[in-house]
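Dear colleague,

Please find the structure below, handed over for your study. My findings follow it, and I would ask you to read them with the structure open beside you.

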Amino acid sequence: GSTVDVYDSTIAETGTATDCNASAFAIGEGATLTVHNGTYSGEYGAFVCSSGGTIEILDGSVTGRRYAIESDARAGGNEDNSIADSLIKVSGGTIDGQLHEEIQIYNNATLTYANKMQISGGTFLNYSATGPTADNAGYEISGGLFDHQVLAAHCATGYVPTTTADANGMYTVTSQYDAHIVRNGTIVERGTLAAMAAAVQSGDTVQLLRDVANAGAVMFAAPATLEPYPSSSRFAISGKSSITVNPAGGTVKNVEFTNLGAARNEIENAISANGLTGALTVEGCTFGDNGYAKRDVFVAPAAGATVTVVGNSFVGLGEQVQVLVQPAEGATVDYTTTVTNNVFSKNAQANAPPRAFAVVGAANAGQLALTGNVIDNELIFGAAANAVLLMTYEWGYTYGPPMAVAPIPQVRAVL
């Protein structure tokens with residue numbers, strides 16, 4: 001039942017036993033090992049050698065002279081039926097099994113064992129073209145790069161192998177669906193992005209599984225999170241597509257919005273929340289070349305709403321407001337807004353710069369946090385403004401050297 005996290009280590013097991021005794025890692029009953037980074041090698045790289053063991057590889061290099069990763073529950077196998085319900089998860093790193101395949105699971109057909117290997121990322125340098133001799137039912141591959149075409153039997157539900165290698169000679173898998181819904185840690189439904197948004201329940205997560213074009217009006221039926229899967233992916237929403245967050249709130253993070261619409265103002269907003277009463281967070285997203293959308297993010301808050309726009313990149317193509325928070329019909333409303341640590345800029349081909357952001361109709365200025373943003377000067381000092389009022393002070397101060405409070409040459413140098 002112990003939990004071990006490994007960072008920045010180097011382990012080289014030189015033994016030649018054909019079981020877990022010659023592994024860089026051997027995981028006992030109910031134990032969990034998470035490899036964050038480092039370099040590990042052995043006759044076996046990582047071996048689950050007791051029931052309920054879990055190995056998770058996030059990054060690093062794992063090499064096995066026989067197999068890189070193995071879980072064995074065969075009759076007469078290395079551990080002779082002793083491994084049940086083990087889990088091996090790989091989301092990153094480099095995996096190399098030098099003599100045989102990198103990955104191997106054995107599930108005894110006569111026993112109710114459910115050993116699994118879930119692969120959502122990582123690079124596999126010796127994936128077998130014919131596949132392991134083990135039970136195919138244990139594999140769930142939903143991502144990663146492989147030096148041979150992935151077997152269809154190894155793909156996770158809803159995924160199929162690519163049949164053409166990329167420029168580096170690597171293969172992967174691709175989703176047959178736009179997205180799926182995760183509820184209480186379990187995938188409950190798969191389908192189009194619009195259908196998944198319409199089917200969510202409060203607290204669900206809709207995970208994008210691929211780039212989505214022309215999704216139409218995607219309207220969330222309940223407060224939920226929209227994010228890519230796996231988390232390291234950067235899937236894009238493009239074309240005639242828009243996301244409407246439920247008025248009770250929601251989160252959109254790490255999604256790209258690009259080339260929305262095909263005609264001026266065909267898309268009102270990339271992301272909108274009308275009559276927001278709860279909390280909306282837009283985080284880590286990229287908005288690029290959406291010149292046919294009026295706004296990238298539009299929120300019409302009601303009393304008590306909370307709006308957080310943080311860590312995004314906005315590249316404007318037209319004259320739209322990239323972020324607009326404005327109560328309905330110009331009302332003054334008590335709401336909280338944080339627009340911070342974003343980057344606002346314009347596409348080099350834009351005829352006129354966009355306006356970065358506008359927050360209006362707030363009853364309490366103390367509930368506004370508009371700091372830490374990086375804004376292309378032309379968005380402020382170029383065609384987007386007729387005049388600019390600057391506040392600058394304390395260059396010269398009491399008991400300091402003779403100097404103006406705001407010397408014009410220094411101010412000009414900063415600008």
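I begin with the interior. The largest cavity is lined by Phe-220, Ala-224, Thr-225, Leu-226, Val-245, Gly-249, Gly-250, Thr-251 and Val-252. Two elements, β20 and β23 (249–253), each give two or more residues to this lining. The largest share comes from β23, which supplies four residues. The volume of the largest cavity is about 40 Å³, and a search of the whole structure finds one cavity of 30 Å³ or more. Please bear in mind throughout that this is a predicted model.

The largest pocket comes next, with a volume of about 670 Å³. It is lined by 28 residues, of which Gln-118, Ser-142, Ile-187, Gln-207 and Tyr-229 are the closest to its centre. The elements that contribute two or more residues to the lining of this pocket are β8 (87–97), β10 (116–124), β11 (139–141), β15 (179–183), β16 (186–191) and β20. Thus β20 appears in the linings of both the largest cavity and the largest pocket.

After β20 (225–228), a loop leads to β21, and Ser-231 lies in this loop. Is Ser-231 buried or exposed? Its relative accessibility is 63%, and a residue counts as exposed when this value is over 50%, so Ser-231 is classed as exposed. Although Ser-231 and Gln-207 are 24 residues apart along the chain, their C-alpha atoms are separated by 9.0 Å. Gln-207 is also one of the residues closest to the centre of the largest pocket.

The strand that follows this loop, β21, belongs to an open sheet. Seven strands form this sheet with parallel pairing, in the order β18-β21-β24-β27-β30-β33-β36. Its edge strands, β18 (212–213) and β36 (374–375), each pair on one side only. At one edge, β18 pairs with β21 (residues 236–239) in the parallel sense over two bridges. Within this pairing, Val-212 has Ile-237 of β21 as its bridge partner.

Finally, I turn to the surface. Val-388, Leu-390 and Leu-415 form a nonpolar patch there, and together they have about 260 Å² of accessible area. Leu-415 is located in the segment after α3 (408–414). Why does Leu-415 count as partly exposed? Its relative accessibility is 48%, and the partly exposed class lies between the buried limit of 20% and the exposed limit of 50%, so Leu-415 belongs to that class.

With kind regards

Terms used: Residues numbered from 1 in each chain as written. Predicted model: local features only at pLDDT ≥ 70, side-chain atom pairs only at ≥ 80, totals over all residues. Heavy atoms only, no water. Patch = residues over 30% accessible without salt bridge, like charges linked within 9 Å, V, L, I, M, F, W, Y side chains within 5 Å. Areas by Shrake-Rupley, 256 points an atom, 1.4 Å probe, with all protein chains shown as cover. Salt bridge = Lys/Arg side-chain N within 4 Å of Asp/Glu carboxyl O. Buried < 20%, exposed > 50% of the residue type's maximum accessible area, 1.4 Å probe, protein only. Pairing = 2+ DSSP bridges. 1 Å grid on protein atoms, 1.4 Å probe; cavity = no way out; pocket = protein on both sides within 12 Å on 5 of 7 lines; lining within 4 Å. Points joined across faces, edges and corners; volume = space filled by probe spheres on them.
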